[in-house]
Amino acid sequence: MARTADRDEAWRSRSPYAERGDVKIAPLDFALTRTFGGVLSRLENYAGKLARRVKLADACAASFTGLSDDELAAAARQLRGPLLRHGFRQDLVAQSFALVREVTFRQLGLRHHAVQLMGAWTMIDGRFAEMQTGEGKTLTALPAAITAALSGRPVHVITVNDYLAARDAEELGPIYRALGLTVGVIQHDDEPEQRRAAYACDVTYGVNKEIAFDYLRDGLKLGNRRSHASRMAGKLGGIDMPPLLLRGLNFAIVDEADSILIDEARTPLIIAGADDNPLPNAVFAQALGFAEKLKPKIDFLISGNAGHAELTAAGSASLKTLCQGLSGPWEARRAREELVNYGLAALHHYKIDQHYVVVDGKVEIIDEFTGRIAEGRSWQHGLHQLIETKEKCEITARHQTQTSITYQRFFRRYLHLCGMSGTISEVAGELRAVYGVSVVRIPTHRPSRRSSRGTRVFRTSEQKWAAVVESVRAGHREGRPTLIGTRAIETSELLSKLLDKAGIAHVVLNAHHDRDEAAIIAEAGRAGRVTVATNMAGRGTDIKLGPGVEVAGGLHVMLTEFHESARIDRQLIGRGGRQGQPGTYEVIAALDDELPSIFAPALTGLLERMLAGKEAPLPKALAHILQRSAQSRAQRLQYRIRQQTLRLQDQRDSMLAFARPD
Amino acid sequence: MRENFLDASWHRIGPLKPKLRSHVRVHRHRYHDSAWYVVEDTASGRTHRFTPAVYLFVGLMNGQRTVDEIWQQAVSQLKDDAPTQGEVVSLLAQLNSADLLQTDIAPNAQEMLARYDRYAKAKRRGSFGNPLAMRLPVWDPDRFLEATLPVVRHAFTGVGAALWLATVLVALILIGIHWSELSEGMSDRILAAESLLLTAMVFPVLKFFHELGHAYATKIGGGEVHELGLMVLVFAPVPYVDASASIAFRRKWRRVLVGAAGMLTELFVAAIAMVLWTLVEPGLVRSLLYQTVLIAGVSTVLFNINPLLRFDGYYILSDIIEIPNLGARSTQYWTWLVNRYGFGLHDSPPSATARERSWFVTYAPLALAYRILMLFSISLFVAAHYFVIGALIAGWGLLIGLGLPVYKSVKYLLTAPRLEKRRFRAIAISLAGVGVFVGAIFLVPVPLYSVSEGVVWLPEESYVRAADNGFVSKVLASSGADVHPGDVLVEADEPELDARIKVLQSEIGGLRRRLASEQFTDRNQAEITRQEIALKQTNLGRAAERRDALTVRSSVTGTFLSPASQDLPGRYVRRGDVLGYVVFPQSRIARIVVPQDDIDLVRNRLAKMDVRLTNQPSISYQSKIVREVPAASDRLPSRALTEAGGGHFAADPRDSNQLKTLARTFQFDLELPAGAARANFGSHVLVRFDHGFEPLAAQWYRRMRQLFLSRFEA
């Protein structure tokens, strides 16, 4: 225990508050852990150990049932001291869990199942709990959060969206308060004061991005006085130390851990500000002007589809004569050639409606993989401004990075990282390698009664949508609610039109309607209800079944496309058949969907020829092979991107060790 | 990936106020046509080299300006050569990792310690990583050098140089005078067991002087020398000295002097030894001096002058041609070439003038090829001499020398993020390159041949031998005359034989008479006498034959050659002694000796043979095998084939005849063509057996197998 304490205090020399130092993982260790970590975690039979511990909590239950609410709060107060002193000792955790169970029962009328306590204990131990969807993860996090809060650690409960954070904090608030703990919520629009207040609470609910950005803002404010010691010294010297938002990265419970820690970990978080040395807008017009004067093949070459323009020696010389006498960036060869190179690319490579669109006088990038508008993204190094000039849009300011962090690094800095998810064991190895946290599978409370209605892959989208509408109609007739998942907003709207035409009443839930999410979800379980939702709306929401639905067969979930990973498919499927209720799901996809055509083009082409002229879907085995190969290829690509993010960051850091840390 | 003018990490660098740490010293050097700045870190003894453009940046760092300000200023000042932000970032990173940078924020102690650990580890790995070249630092000689410098300083003056030159000249003259004496049996002395011991004694001492030479030259130039140690080169301890402080010397010839000082010292020692050698009586001291001359004057210079290995020659060369860091930059340039033209990466080329580029293009491949060659031969040598441990160490050496670079290249190919979009092309090109190389080794047949040697030999019928003992009375055929079968060549007589014939004849006459008288009186006695007569007659016949044999006749048509025909008359010759030769057109054969390793090829895969005579090396003759000795033998046909006689076969030193070889050989007789009329009997013949074509891999495999068979008996 002493070692833990030493390690826990080591932050004072480098950080303003409790957080873990960065460690570099040796590549071999990483590769081995990633490969075997998942298997190792499974071999432990950790769940068996947990089951015995939960009996301890059961044994404590009797001592709390007879107490009044005030006496329970007093009991919680009494637990604080020992928990702080001894850490998460089994008997203390058992008592705390029993207490939470009792209070939850009194406040919400729900009692934690054994498996929920097992999940909570897994997290107290600093692991990820894999719990089947619909096992009540919100409640599972509660005992862990409360126990950690009672031990004096600021707890962050991290969710995937603002709605869930607000909902959980609100629903569980009474329980925390009954135990004398405070709860705060971070919402996107909150002002710094509100945020600081929320972080000051014992338990804070928030979205990963918000908390990480707040952490970055703290870092910016700290500047060169990062360490606790230098802040103290500064204070003694009478220098005004800006107040920070967070109280440290102590204890994080990550809900839907795989989406946050794996899927979102591809791109680093960046706080950007306006450029310190902005280029005047005229420069971009000049650059385009010069670019137009240069002759292709003589002055410059454009290489393939990468859109790299490169000046030849002749081009370099003629550019030099062109900008004779100009100042600013035109004086430095590299700077002017870069500008003109991008100018050439803007003129000759980037095309409207292929690479970008102009919406409301703004240039928006089209994502090359998804073909969708990538909102808020912009090209770097002046290319964006050049294209804005070309399209005669208003020129936006060039952004300059002020600070950045990767999710991998951010979450590794938590002293205690744990979490849960329904679909995490596939990435157990990587989680163990990156975050040093292993995964424990928690058994289900009741056996699952969810069943599959098969996977159908059609040749064309038309056939697919016809089958979807047909299937919806059948479910509608049976009086069952149907949830249809789509990958993109556009497809959800397309389907909506088709359903309208078929005369089926339905509701659409996507990013445009996220304000009504709670209401839509509350209704989605009622008999005969048809809900079309993009997958972003699916996570973490519990669709409660209306009266009579359970008898009719429960919720029917339809996937209209394969997602990039089987995990996301399973998350959507997990919306139905929760907590031992009946439910069905089916997959209706097409060969011209995005995933197979991008990630398994050869196989897709082959299957297409096989299906030509036929109405029937693919045989089940082939559909399975297609799904597997496309998804595993997509996953490999994603993994590589994550690895590269991590590696680049490590390289940069070791190079910039002398500079201000991010 | 193309480098951008602005860098994404600028926010971490821009506000810093950097400066060079106070203890570093900066020197301005001129190399050929460009100026460089050499930054010397006196604390660590390391030096770093910067271009003027970089130095402009470094020079602006004063602890007051921010990096961003300095960069802006550099951009406006350097205009076309302005560095990108990325270059500034890597420059600062480089300065930091070299411990030269100080900024306004507290240094990251953890990182500094980690860096120190890394550095120490790298140094350890450099010292002990390669079992074939380990370095053990032993002593910091700086104070010793400081104390002795006042004396040694004189060596580096004009007087010192003159003295050196005079001594070496004298030694050269002496060598000229005593050349035959010196060169005679040089090979014997080098290999003899006694001289090996002497070498082992002389070598470390000489090397110590050599290193002191470097060290003093460095001190004279103003540098410091803090490390002298032992390098274990292929198990032989050799001293080394760390003279890297000399990199900071401004004057080129000063730097060259440091590189050459070792050899100059040794040459001086060799010259003195040479002078002494002529003065002392033969004995141990003289042998010792002889060895010293040999090692210091020849082997060291030959070894050190080679610029392809990182020894003195390399440093001298790179200083003379004014391309510092030639090896590393050459490798860098090749890396760029491969990246640019092989993999299509648009990196900016490493800065180099056209002159430098041509050096870079040539140096790296030559050095690599030479290093690999050395690596293999040293590994084989070690493995062959110390079986189990040697093989392990050789394996380790190969792994580090060859396996590690290959592993790194493969890793770069497979994982480098910069190859992301071109990985397929990069791998394809690399595989193609390896494929061409491997294909060339495994598939492309190249001439397979083996080389051997022999001597010109004569067939038995060419020998004119004395058939019996006797005094030569007369040589009838003059040397060089044409003779035919039956022609009398030499006549000899044996007075004893003549007397004996006469005795026998008269004895036979006496006996005959006795027989006539006894015939009718005593039949028994007569029979005995008859037998006696028969016996005497047989003896007489034999004696007559012997007398006839004293007249030597030619058995073939040809030219009679007798090297000593003038001396023959009156000489007593024994039976079998060679009196001369009758040489005829087909008479000359070459008796050649083939080592066991090649015997299978010669016997079973012989396409054709080229024979060359040593006295006519430009003409080659076709030939064929006329006779072969089926069994291996450890005797050579002629002493000309031993190492002492100018051949390649090592003779057993215990054999007084010097004909016994250490390894068994096979002998073949080749027909010498008529054109080879001037082939002198007994002269050297070189033979190249042509075995057709075979890929290199198959040839190497055969040799390796033979090596393992013979060396390891495995």
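# Sheets, helices and cores, term by term

Q: What makes β5 and β13 of chain A a pair, and which residue of β13(A) stands opposite A:D255?
A: A:D255 faces A:M420 in β13(A). This is a predicted model, in which local features need pLDDT of at least 70 and side-chain atom pairs count only at pLDDT 80 or more, while totals for chains, interfaces and linings use all residues. Residues are numbered from 1 along each chain as its sequence is written, with chains lettered from A and ligands numbered from 1 in the order in which they are written. Strands β5 (residues 251-255) and β13 (residues 416-421) of chain A run parallel and are joined by 5 bridges. Two strands pair if DSSP finds at least two bridges between them, so the 5 bridges make these strands a pair.

Q: What makes something a helix or a strand here, and how many of each are there in chain A?
A: Both are DSSP runs numbered from the N terminus: a helix is H or I with at least four residues, and a strand is E with at least two. By that rule, chain A has 26 helices and 20 strands.

Q: Why do β3 and β14 of chain A count as edge strands?
A: Their open sheet has 7 strands, paired in parallel, in the order β3-β4-β2-β5-β13-β1-β14 (chain A). β3 (183-185) and β14 (439-441) of chain A each have a single partner strand, so one side of each has no neighbour in the sheet. From one strand to the next, the twist averages 20 degrees.

Q: What is the angle between α7(A) and β5(A), and how is such an angle defined?
A: Axes are lines fitted to C-alpha atoms, for helices over the stretch in contact, and angles run from 0 to 180 degrees between N-to-C directions. Helix α7 (residues 137-150) of chain A lies across β2 (155-159), β4 (203-207), β5 and β13 of chain A, and its angle to β5(A) is about 180 degrees. An angle of about 180 degrees is at the upper end of that scale, so α7(A) and β5(A) run in opposite directions. Helix α8 (residues 162-178) of chain A crosses β2, β3 and β4 of chain A, at about 165 degrees to β4(A).

Q: Why is β18(A) called mostly covered?
A: A residue is buried if 20 or more other C-beta atoms lie within 10 Å of its own, exposed if 12 or fewer, and partly exposed in between, with C-beta atoms placed from the backbone. In β18(A), 5 of its 5 residues are buried, so the strand earns the description. On one side these are A:V530, A:V532 and A:T534, and on the other A:T531 and A:A533. The partners of β18(A) are β16(A), joined by 5 bridges, and β17(A), joined by 3 bridges.

Q: What does the length of helix α19(A) say when set against the expected span?
A: The expected span is 1.5 Å times one less than the number of residues. Helix α19 (residues 461-478) of chain A has 18 residues and reaches 26 Å from first C-alpha to last, close to the expected 26 Å. Just after α19(A), A:G479 takes a positive phi of about 80 degrees.

Q: What makes a set of residues a nonpolar core, and which residues have the most contacts inside the largest one?
A: A nonpolar core is a set of buried Ala, Val, Leu, Ile, Met, Phe, Trp, Tyr and Cys residues joined through C-beta atoms within 7 Å. The largest has 93 residues, and those with the most contacts inside it are A:F128, A:A145, A:I146, A:I253, A:L261 and A:L431. α7(A) gives the largest share, 9 residues. A second, separate core of 50 residues includes A:F300, B:F5, B:F57 and B:W71.

Q: What counts as a contact, and how many residues does each chain bring to the one between A and B?
A: Two residues are in contact if their C-beta atoms, placed from the backbone, lie within 7 Å. Chain B brings 28 residues and chain A brings 26. On the side of chain B, α1 (10-13), α3 (67-78) and α4 (85-97) are the elements that give two or more residues. That side has 13 nonpolar, 9 polar and 6 charged residues; Ala, Val, Leu, Ile, Met, Phe, Trp, Tyr, Cys and Pro count as nonpolar, Asp, Glu, Lys and Arg as charged, and the others, Gly among them, as polar.
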